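Reader: Could you take a close look at one part of this model with me? I would like to understand the strands and how they pair, and then see what lies around them.

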Amino acid sequence: MGAADHRSAGRRNCISLTPVNDLCIHTGKAAPDAAADRGWLLGHFKDPGDPRHSADVEIKWGVHPKGDARAQWTTGEERTALLVLISGRFRMEFPDRDVVLAEQGDYVVWGRGVDHSWYAEEESVVLTVRWPSVPGYRVDEPAAPAVRQG
C-alpha cells in the first residue's frame with residue numbers, strides 16, 4: 001500500500017473503534033483542547049466514541065498561574081503517575097518530602113498509595129500521565145485559585 005493509500009485510509013470516520021485495524025487519527029492543540037475538560041486530553045472521562053477515550057491512561061496539559069494549588073490532597077491513590085515540567089517552577093508535595101521541578105524536562109514519578117498535592121511556585125505548564133484511568137479523583141476547584149498560606 002502506497003503513502004496515498006495510507007492517507008486516504010486514515011480519513012475514515014472515527015465513531016467506532018471496535019475493529020482492531022480501524023484507523024483513527026485525532027489532532028488538536030493542547031491548550032484549547034485541555035481548557036474544555038479541566039486540562040485533561042485523554043482518559044476514561046471522554047465519550048466512548050472519541051479516540052481520546054481510554055481506561056488505560058490519562059493525559060493532562062496543566063496550565064497553572066503562579067500560586068495555583070490543588071484544592072485538597074489526593075489520598076488512597078490507585079494509579080501511577082508521571083509529571084513533566086514544560087515551563088515554570090512547580091512543586092509536587094508528598095507526605096515525607098517536596099519535589100521542586102525547576103528546569104524544562106524535570107519530572108517526578110510516583111506510584112500507587114502515594115498521597116500527594118501540588119503548588120505552582122511560578123506560572124507553570126506541566127504534562128501529567130497517569131495509569132490506569134479510573135474515576136473517583138475529581139476535585140471541584142474553587143472559583144478563585146487557592147493560595148498557600150505560610
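Author: Happy to; what follows goes from the whole chain to its two sheets and then to a few single residues.

Please keep in mind that this is a predicted model. The protein chain holds two helices and eight strands. Reading from the N terminus, the order of elements is α-α-β-β-β-β-β-β-β-β, with both helices ahead of the strands. Of its 150 residues, 35% count as buried. Among contacts in the chain with a separation of 6 or more, 66% are between residues 24 or more positions apart. The accessible surface amounts to about 9,200 Å², and carbon and sulfur atoms hold 53% of that area.

Let us start with the sheet of three strands. This open sheet has the order β5-β4-β7, with antiparallel pairing. At its edges are β5 (97–101) and β7 (117–120), each of which pairs on one side only. Leaving direction aside, neighbouring strands here are turned by 20 degrees against each other on average.

The strand between those two edges, β4, deserves a slower look. β4 covers residues 90–94 and is joined to β7 by four bridges, the two strands running antiparallel. Within that pairing, F90 is found opposite A120 of β7. Towards β5, β4 pairs over five bridges, again in the antiparallel sense. On that side R91 stands opposite V100 of β5. The connection from β4 to β5 is a hairpin that passes through two residues.

What about the two faces of β4: are its side chains buried or exposed? F90, M92 and F94 point one way, R91 and E93 point the other way, and all of them are buried. Five of the five residues of β4 are therefore buried, and the strand is largely enclosed by the rest of the structure. Notice that R91 and E93 are included in this burial, and that R91 is also the residue placed opposite V100 in β5.

Now to the sheet of five strands. Its order is β1-β2-β8-β3-β6; it is open, and its pairing is antiparallel. Here β1 and β6 take the edge positions with a single partner strand each, so one side of each has no neighbour in the sheet. From one strand to the next, the twist averages 20 degrees.

Strand β3 (residues 80–87) is a good place to stand in this sheet, with β8 and β6 as its neighbours in the order. Seven bridges link β3 to β8 in an antiparallel pairing. One of the partners across that pairing is L127 of β8, which is bridged to V84. Towards the edge, β3 and β6 run antiparallel and are joined by four bridges. There L82 lies opposite V109 of β6.

The edge strand β6 spans residues 107–110 and has two unlike faces: V108 and W110 make up the covered one, while Y107 and V109 make up the uncovered one. V109 thus belongs to the uncovered face, and this residue is also the one opposite L82.

A few single residues around the strands round off the picture. Following β8 (124–131), P132 sits in the segment after that strand. The peptide bond between W131 and P132 is cis, with omega at about -10 degrees.

Before the strands begin, R38 is located in the loop between α2 (30–35) and β1 (40–42). R38 has a phi near 55 degrees, which is a positive value in a residue other than glycine. With a relative accessibility of 35%, R38 counts as partly exposed.

Further on, D50 belongs to the loop between β1 and β2 (58–64). Its relative accessibility is 16%, and D50 therefore counts as buried, the limit for that class being under 20%. The side chain of D50 also makes a polar contact of 2.7 Å with the side chain of R52.

To return to the part I would look at longest: β4 is flanked by β5 and β7 in its sheet, and each of its five residues is buried.

Notes. Residues numbered from 1 in each chain as written. Predicted model: local features only at pLDDT ≥ 70, side-chain atom pairs only at ≥ 80, totals over all residues. Heavy atoms only, no water. Buried < 20%, exposed > 50% of the residue type's maximum accessible area, 1.4 Å probe, protein only. Pairing = 2+ DSSP bridges. Axes fitted to C-alpha atoms, helices over the stretch in contact; angles between N-to-C directions. Contact = heavy atoms within 4.5 Å. Areas by Shrake-Rupley, 256 points an atom, 1.4 Å probe, with all protein chains shown as cover. Polar contact = N/O pair within 3.5 Å; in protein donor to acceptor, adjacent residues only side chain to side chain.
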